[in-house]
Amino acid sequence: MTATTKTLTVLRRCTVAPASDAAEQRLPLTYFDMLWLYFHPIERLLFYKHPCSAADFTETIAPHLESSLSQTLRHYLPLAGNLLCPLDSGMPELRYFSGDSVAVTFAESSRDPADFDYLTGNQPREADDFHLFVPKLPESTTDSESGCRKSPLLAIQVTHFPEIGIVIGVTNHHVAGDASSIIGFLKAWSSTAKLGGEAEVAPPFYDRSVLKDPTGRAELYWNQMRLVKFGEPKAPITPTNKVRATFILQKTDIEKLKKLVMEKEPDSNSIHISSFTVAIAYFWWCTDRSAAEAGDQIGDEVTEYFGIAADARSRTDPPLPAAYFGNCVGFLAAESRHGVIRGEEGFLAAAKAVGEVIRDKVNRKGELLSDADEWLVKFAPLLTNRSFGVAGSPKFDVYGVDFGWGKAVKFEAVSIDGDPNASISLCKSRDFEGGLELGVSMSKRAVDAFATAFHQGLKTL
């Protein structure tokens, strides 16, 4: 039975269980996990050019994706399980029971074939157009037997554009894992789909006992989160009244920006200058430079923050393996004033602010987690101020997720549509070695103003 919604026909809904005979796996939430209990779901889309018929999709590709997903989930049991939050006493945990599974939807797009090229372009595109391809996490339920609120952690949707391509949509509860963990899962799934039994899947590392918590941060955070009572994490509500656009910083652009900082910043040897530093500093400058043109009236004395999440796996004591599965990021924020960042020297000011906070909090041993007891108190208020954020990292090669159809033609971090403040997605460029892709989601007016600032800045700096 099929159901048509706008330009999408649902072909089949199913659940995929791990190919495993494990009866149970339980993971306590660490203090890194607790912070994401009420965060909105993380939504990613990967578009692939792979012309195939409807029959080939339903009879060959869909069953193969199901089978390879089942094989992959045996290494990733928690993703097939649930988040269990006690309604009374106790601590939340991730729990997989035999029989748990992942909700998977197979669908067919009835949009015009030219729309695939439109959706995979870099130009401004209506943000709402992408949400048809994004799966929704199943609703949470109350489990009377355990006395817990039970929330699924993963949902997948595979949409076929007949004779054109395939869209893989993945939605996960952030409490399940950070970008490093989820992209690791996607690479394992795609490798299994591409290579079958020959795929070498490095098993994730799940032992939470190696993460020391002598001050009881997990319990502290849980008690604080219960008091806040944010409610169920929600995906962005449509219509978003936003457009999505992608901007490319090529390697030559990045090297030019780095050189500019090193030439004009007297302390350039002591601050952290990297592709990440100059990319988010340039975004910050362009956003503030274009704010008035975008219709935002912001006073020059307004304080602004740029929030950054840094991988903490190598910075815990003892260090965690790179394959550690879960959340393991520390938080820091660069700070400045709107009038400083929007000025002619604003890019340099932004690069200095970002470079200094990375130097002080990330590069200095022991500093990233030194204030972890206060993260909720320190960073929650930033959400009510003018602040920016970044999803992703230059380290993440999302275009390396290859199901056997070659590189994806486009990656979209759809969940930034729901961020109340300006955020970007950041990843390695698909087409330019050493380049970066910056994805934005803003009002049409703001994107147009940002684009002007972005392209003019690269010419005039």
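Right, let's start with the fold. The protein chain has 12 helices and 19 strands; these are DSSP runs, with helices (H or I) of at least four residues and strands (E) of at least two, numbered from the N terminus. The radius of gyration is 22 Å, close to the 23 Å that the globule rule gives for 461 residues, so the chain is as compact as a globular protein of that length. That radius is taken over C-alpha atoms, and the rule is 2.2 Å times the number of residues to the power 0.38.

A word on the source. This is a predicted model: local features need pLDDT of at least 70, side-chain atom pairs count only at pLDDT 80 or more, and totals for chains, interfaces and linings use all residues. Residues are numbered from 1 along each chain as its sequence is written, and side-chain values use heavy atoms, without hydrogens or water.

Back to the chain. Its C-alpha atoms fill a box of roughly 60 × 55 × 40 Å along the principal axes. Buried residues (under 20% relative accessible area, 1.4 Å probe, protein chains only) make up 54% of the 461. Take contacts (heavy atoms within 4.5 Å) between residues at least 6 apart in sequence: 80% join residues at least 24 apart.

Now one helix pair. Which residues of helix 8 meet helix 10? Among them are F276, I280, W284 and W285 in helix 8, which meet a set in helix 10 including F347, A350, V354 and I358. By class, this contact has 13 nonpolar, three polar and no charged residues. Nonpolar means Ala, Val, Leu, Ile, Met, Phe, Trp, Tyr, Cys and Pro; charged means Asp, Glu, Lys and Arg; the others, Gly among them, are polar.

Conventions: Buried < 20%, exposed > 50% of the residue type's maximum accessible area, 1.4 Å probe, protein only.
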